[in-house]
Amino acid sequence: QVQLVESGGELVQAGGSLRLSCAASGLTFGAYDMAWFRQAPGKQRDLVAAITKGGSPNYADSVKGRFTISRDNAKKMVSLQMNSLKPEDTAVYYCAARFLRISEERYDYWGQGTRVTVSS
C-alpha cells in the first residue's frame with residue numbers, strides 16, 4: 001500500500017532553517033503530484049507547497065520566497081526547504097500525494113505528519 005513518511009521536524013528559533021523530507025513507497029512516484037500541507041493548533045490544514053509530476057512548483061503566498069519544494073524521483077522523495085522561519089510557521093507538516101488533479105487541495109494519500117515548532 002502507499003506509504004508516506006515525513007521526517008525533519010523539530011524545534012527551531014525564528015530566522016532559522018529546516019529541511020523536511022518525505023519518503024514514498026507503494027506508488028509509481030514519478031506519476032504523482034506531491035505536496036506539503038500544514039495544520040497549526042486550532043486551525044484548518046492548509047496547502048503550503050506543491051510540485052507536479054512534471055516538476056512545476058507552486059507555493060502559498062505566506063511562504064513564497066522562503067520555502068522551496070523539490071522532488072527526487074529516483075529516491076522517491078519530496079523535500080521542503082524552509083528558510084527564514086517565523087513563529088507562525090509552527091504546525092504539523094504533512095506530505096501528500098495524488099495521481100489525478102481533481103482540485104487544488106484534494107490529495108489521495110497522506111503521511112502522519114512531522115511537527116515543526118518555531119520559537120520567537
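**Salt bridges around Lys53 and Asp89**

Visitor: What is the relative accessible area of Lys53?
Guide: Lys53 counts as partly exposed (from 20% to 50%, with a 1.4 Å probe and protein chains only; buried is under 20%, exposed over 50%). That's because its relative accessible area is 35%.

Visitor: What kind of model is this?
Guide: Residues are numbered from 1 along each chain as written, and side-chain values use heavy atoms, without hydrogens or water. Local features need pLDDT of at least 70, side-chain atom pairs 80 or more, while totals for chains, interfaces and linings use all residues, since the model is predicted.

Visitor: Which residue forms a salt bridge with Lys53?
Guide: A salt bridge puts a Lys or Arg side-chain nitrogen within 4 Å of an Asp or Glu carboxyl oxygen. Here the closest N and O atoms are 3.3 Å apart, and the two residues sit 20 residues apart in the chain. The partner has 6% relative accessibility, so it counts as buried. It's Asp33.

Visitor: Is Asp89 buried or exposed?
Guide: Asp89 has a relative accessible area of 1%. So Asp89 is buried.

Visitor: How far apart are the closest N and O atoms of Asp89 and Arg66?
Guide: Asp89 pairs with Arg38 at 2.9 Å, and those two are 51 residues apart along the chain. Asp89 also forms a salt bridge with Arg66, which is buried at 11% relative accessible area. For Asp89 and Arg66, the closest N and O atoms are apart by 2.7 Å.

Visitor: Which residues join Asp33 in one network?
Guide: The whole count comes to five salt bridges. Some of them share partners, and that joins Asp33 into one network with Lys53 and Arg98.

Note on methods:
Helix = DSSP H or I, 4+ residues; strand = E, 2+ residues; numbered from the N terminus.
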